[in-house]
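Work through the exercises below with the sequence and the model open. Try each task before reading its solution.

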Amino acid sequence: MNLPDYIRGAIFDLDGTLLDSLGVWSEIDEKFLSKRGMTVPSDYVDNIGTMEIRQAAVYTINRFGLAETPEAVMQEWTDMAVGAYATELKLKPNAKAALIELKAKGIKLAVATSSTTDMCLPALKNNGVLDLFDAVVTTREIGRGKAFPDVYLAAANRIGVVPEHCAVFEDLLGALTTAKTAGFYAIGVYDKHSLPDAEKIKSLANDYVSFE
C-alpha cells in the first residue's frame, strides 16, 4: 500500500473497513425491529452510521416510540453481537496483509470504532491483529459519534501523530467527511454496503482502496 511519505500514522474504522461485519448489524437491526412488529426504514442505517452507540439507542427509541431505556436497547444489541464478534467475524481478505505492511514501514496503527470494547477487542484478537495496533479508541469511550472528529483526534493523540500526518481509513461517507474536514488524509474503503455512496466517497477521498 502506497501512502505519502509524510504519513506517520494510520487510523482504521473497524466495521465495514477491516471487518466484514455490516451484514451482522443489518441482521441485528432486522431482528430487533421485527421483534417489535416493525421493519427497518431505508434511511435508518445511514442515520445511525456516525452515531455513538448510546446516541443510536436514543435515536431508535425516539424514532420508533419505544418504551425502553437506552441501556436496555444497547444491552440487547450487544447480546446479539458479542458472540459473532468473538468467534465468527473475519477480517476482509487483504486487510491483515495491509496492516502488517504498514507496521513494517514504521507506521503507527490505531482503531477508531463505533463498536464497544467487548466487541472490537475479541474480534481483533480472534483475527490475530490486536497486537499490531498501538491504540484502540471507541466512540463510547469518547462520548460522541463519528459526526464529530473526537474519536479520530483521540486516536491520533494516543499514537503521537498530528492529523496532517495521519491517514484515516473509512467505508462510510459521513465518517470519512468528518475525518477529512478535521485535516486527516482520508482514504475511502470499498464495502458492498456503502456502494450507493461509492462515487461520492471516491470524489471526497484522497485515495480509495479495497481490502476484498
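**Exercise 1. Find what sits at the start of helix H3, then describe the helix and its buried face.**

Solution.
Step 1. Begin at the start of H3, where a side-chain oxygen of Glu 52 comes within 3.0 Å of the backbone nitrogen of Arg 54. Helices are DSSP runs of H or I with at least four residues, strands are E runs of at least two, and both are numbered from the N terminus.
Step 2. The model is predicted: local features need pLDDT of at least 70, side-chain atom pairs count only at pLDDT 80 or more, and totals for chains, interfaces and linings use all residues. Residues are numbered from 1 along each chain as its sequence is written, and side-chain values use heavy atoms, leaving out hydrogens and water.
Step 3. Check the length. H3 covers residues 53-64, twelve in number, and spans 16 Å from first to last C-alpha, close to the 16 Å expected at 1.5 Å a residue. The expected span is 1.5 Å times one less than the number of residues.
Step 4. List the buried residues (under 20% relative accessible area, 1.4 Å probe, protein chains only). In H3 they are Ile 53, Ala 56, Ala 57, Thr 60, Ile 61 and Phe 64.
Step 5. Look down the axis. The buried residues of H3 fall within an arc of 135°, so they line one face of the helix. The arc is taken over directions from the helix axis to the C-beta atoms.
Step 6. Identify the partners. The buried residues of H3 pack against helices H1 (22-34), H2 (44-48), H4 (70-88) and H7 (139-142), where contact means heavy atoms within 4.5 Å.
Step 7. Leave the helix. Gly 65 follows H3 with a positive phi, near 65°.

**Exercise 2. Decide whether Asn 127 is buried or exposed.**

Solution.
Step 1. Locate Asn 127 in the loop between helix H6 (117-126) and strand S3 (135-138).
Step 2. Its relative accessibility is 13%, so Asn 127 counts as buried.
Step 3. Beyond four places in sequence, Asn 127 touches Leu 19, Leu 89, Lys 90, Leu 91 and Lys 96.

**Exercise 3. Which residues have the most contacts inside the largest nonpolar core?**

Solution.
Step 1. A nonpolar core joins buried Ala, Val, Leu, Ile, Met, Phe, Trp, Tyr and Cys residues through side-chain atoms within 4.5 Å.
Step 2. The largest has 49 residues; Phe 12, Leu 18, Trp 77, Leu 109, Phe 133, Phe 169 and Phe 211 have the most contacts inside it.
Step 3. H4 gives the largest share of this core, six residues.

Note on methods. Buried means under 20% relative accessible area, exposed over 50%, partly exposed in between (1.4 Å probe, protein chains only). A polar contact is a pair of N or O atoms within 3.5 Å; within protein, one must be able to donate a hydrogen and the other to accept it, and residues adjacent in sequence count only if both atoms are side-chain atoms.
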